[in-house]
Number of protein chains: 2
Amino acid sequence: MRPLFHPALKDIKPEAILYALSDPERVAIFVKLAGANSGGTCSALADLGDRVIPKSSLSNHFKVLRESGLVLSERQGVEMRNQTRCTELDERFPGLIKAILTAYGQLPGQPKTD
Amino acid sequence: MRPLFHPALKDIKPEAILYALSDPERVAIFVKLAGANSGGTCSALADLGDRVIPKSSLSNHFKVLRESGLVLSERQGVEMRNQTRCTELDERFPGLIKAILTAYGQLPGQPKTD
DNA sequence: ATCAACAGTTCCGAATTTCCGAACTATGGA
DNA sequence: TCCATAGTTCGGAAATTCGGAACTGTTGAT
């Protein structure tokens, strides 16, 4: 297994962020991670309620999230610990993540007003 | 030629906005439109400096921008007048467009601090 | 040490999407 | 009417996405 790639903060591209978050499944995953109710493992995030994401697809989603700079993944024993890079990201792209999650009506702790 | 489709404000989906603006060429077009230095016609926006977008591709870009709700197009004689729907959009998704354009370092009248 | 179980990745083929040249359509002017 | 211009649609090659099956790496049990 080749080592997981994470871009340095300065190398994070807005187009990659927008692309990654233009898929509602990935948004759902990212939001759950940001909420951090789960342990941040992949399999804990597979269940979307209406559908269970196949694991190869899930692995792909995480790859996209990771390589866009949205998520940090590190192996911990047999499983993968994932966390968002929100704090860093907000430094590089102020307000971006918040505005996106708000648009999706998914900003944690903020009820949908829609 | 079938009539051009524009979504109603309430039907605009964040995923469509993000997808549309995850392509740097479309962002460049959108920024030029927002700046409105050009007349807003398609052909006036084809020249990106480093490359001229082929017209079928340009037409496709406008379709994506239009159907995502970012742009309003109306025929005026032989040409097409395009304008952004920024004001409406900011009502529906507060701060989103601004945050995205800032991330791209392309907010009109705002120099890149990068 | 070997084996089994499990989390996640990689491989690869089918289906979908993107890209763009060529053909086409609509409008206005000579 | 015929031509020029602005943009759309068509169609096929190339690239991307999706997901099942096979694989890898780690842990725990025997």
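Helices (H or I, at least four residues) and strands (E, at least two) are DSSP runs, numbered from the N terminus, and a residue is near a molecule or strand if one of its heavy atoms lies within 4 Å of it. This is a predicted model, in which local features need pLDDT of at least 70 and side-chain atom pairs count only at pLDDT 80 or more, whereas totals for chains, interfaces and linings use all residues. Residues are numbered from 1 along each chain as its sequence is written, chains are lettered from A and ligands numbered from 1 in the order in which they are written, and side-chain values use heavy atoms, with hydrogens and water left out.

**First stop: DNA strand D**

Select DNA strand D together with the 20 residues that surround it, of which A:Tyr19, A:Ser57, B:Ser43, B:Lys55 and B:Ser59 are the closest. Among the atoms of DNA strand D within 4 Å of the protein, 59% are sugar or phosphate atoms, and the rest belong to bases. At B:Ser43, a polar backbone atom is 2.8 Å from a phosphate oxygen of DNA strand D, while at B:Val78 a polar backbone atom is 3.2 Å from a sugar or linking oxygen of that strand. Two or more residues of this surface come from each of H3 of chain A, H3 of chain B and strand S2 (79-84) of chain B, and H3(B) gives the most, with four residues. Coloured by class, the surface near DNA strand D shows eight nonpolar, seven polar and five charged residues (Ala, Val, Leu, Ile, Met, Phe, Trp, Tyr, Cys and Pro count as nonpolar, Asp, Glu, Lys and Arg as charged, and the others, Gly among them, as polar).

**Second stop: DNA strand C**

Move to DNA strand C, where 21 residues lie around the strand and A:Ser43, A:Lys55, A:Ser59, B:Tyr19 and B:Val78 come nearest. Zoom in on A:Lys55, whose side chain has an N or O atom 2.7 Å from a base nitrogen of DNA strand C. Phosphate oxygens of DNA strand C are approached by side-chain N or O atoms at 2.6 Å in the case of A:Ser59 and at 3.1 Å in the case of B:Ser57. Of the elements on this surface, H3(A) supplies the largest share, four residues.

**Third stop: where the two chains meet**

Hide the DNA and display chains A and B, in which 16 residues of chain A are in contact (heavy atoms within 4.5 Å) with 16 residues of chain B. The two chains bury about 1,400 Å² between them, 73% of it on carbon and sulfur atoms, where buried area is the accessible area (1.4 Å probe) that two parts lose on being put together, summed over both. On the chain A side, A:Glu15, A:Leu18 and A:Ala103 lose the most area to chain B, together 33% of what that side buries.

**Last stop: salt bridges**

Across this interface the rule finds zero salt bridges (a side-chain nitrogen of Lys or Arg within 4 Å of a carboxyl oxygen of Asp or Glu), although the structure holds 10 over all chains. Select B:Arg26 and B:Asp23, whose side chains meet in a salt bridge at 3.9 Å, N to O; B:Arg26 counts as buried at 6% relative accessibility (buried means under 20% relative accessible area, exposed over 50%, partly exposed in between, with a 1.4 Å probe and protein chains only). Finish at A:Asp11 and A:Lys10, which form a salt bridge with their closest N and O atoms 3.2 Å apart; A:Asp11 is partly exposed at 38% relative accessibility, whereas A:Lys10 is exposed at 62%.

Notes: A polar contact is a pair of N or O atoms within 3.5 Å; within protein, one must be able to donate a hydrogen and the other to accept it, and residues adjacent in sequence count only if both atoms are side-chain atoms.
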